[in-house]
Amino acid sequence: MAITILMICYTLLALGIGWYFYSHRKRAFLVFHPEESVALSNVLSIGGILMMLVGVVAAVATLMNNTIFISAVLLVGVIVVIGLQLILVRWLPKG
């Protein structure tokens, strides 16, 4: 029961972050300005789509309630998030 509740939270977070990245690919957010950089806009588009895809697959894993599938989805989600963070570091303002 606890895993199901936590997976629902994870699914909502993944979908929310994915939608936020995708919807901000043409306007400024936090310290990033994707409207000034085509590459950053592309990173946000692809990253947003990947996060929404992880969210959808996490929802399927939650409904199936298969521990191995849930573990795999969590691992893929962590890899996608870490990859996006490492890529976004390139556009952080210097000094």
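This passage describes aromatic ring pairs, charges over rings and the surroundings of one serine in a predicted model. Local features were taken at pLDDT of at least 70 and side-chain atom pairs only at pLDDT 80 or more, whereas totals for chains, interfaces and linings use all residues. Residues are numbered from 1 along each chain as its sequence is written, and side-chain values use heavy atoms, with hydrogens and water left out.

A search of the whole structure gave 4 aromatic pairs, where rings of Phe, Tyr and Trp (its six-membered ring) pair if their centres lie within 6.5 Å, and planes under 30 degrees apart count as stacked, over 60 as edge-to-face and the rest as tilted. The pair of Phe 21 and Phe 29 is tilted, because the ring centres are 6.2 Å apart and the planes lie at 45 degrees. Phe 29 and Phe 32 are also a tilted pair, with centres 5.5 Å apart and planes at 40 degrees. Tyr 20, Phe 21, Phe 29 and Phe 32 form one aromatic cluster. Within this cluster, Phe 21 is buried at 12% relative accessibility, Phe 29 at 5% and Phe 32 at 8% (buried means under 20% relative accessible area, with a 1.4 Å probe and protein chains only).

The charged end of Arg 25 sits over the ring of Tyr 22, 3.9 Å from the ring centre; this requires CZ of Arg or NZ of Lys within 6 Å of the ring centre and within 35 degrees of the ring normal. Arg 90 is likewise placed over the ring of Trp 91, at 5.0 Å from its centre.

Arg 25 also touches Ser 41. Leaving aside residues up to four places away in sequence, Ser 41 contacts Arg 25, Lys 26 and Pro 34 (heavy atoms within 4.5 Å). Ser 41 is buried at 6% relative accessibility.

Key: Buried < 20%, exposed > 50% of the residue type's maximum accessible area, 1.4 Å probe, protein only.
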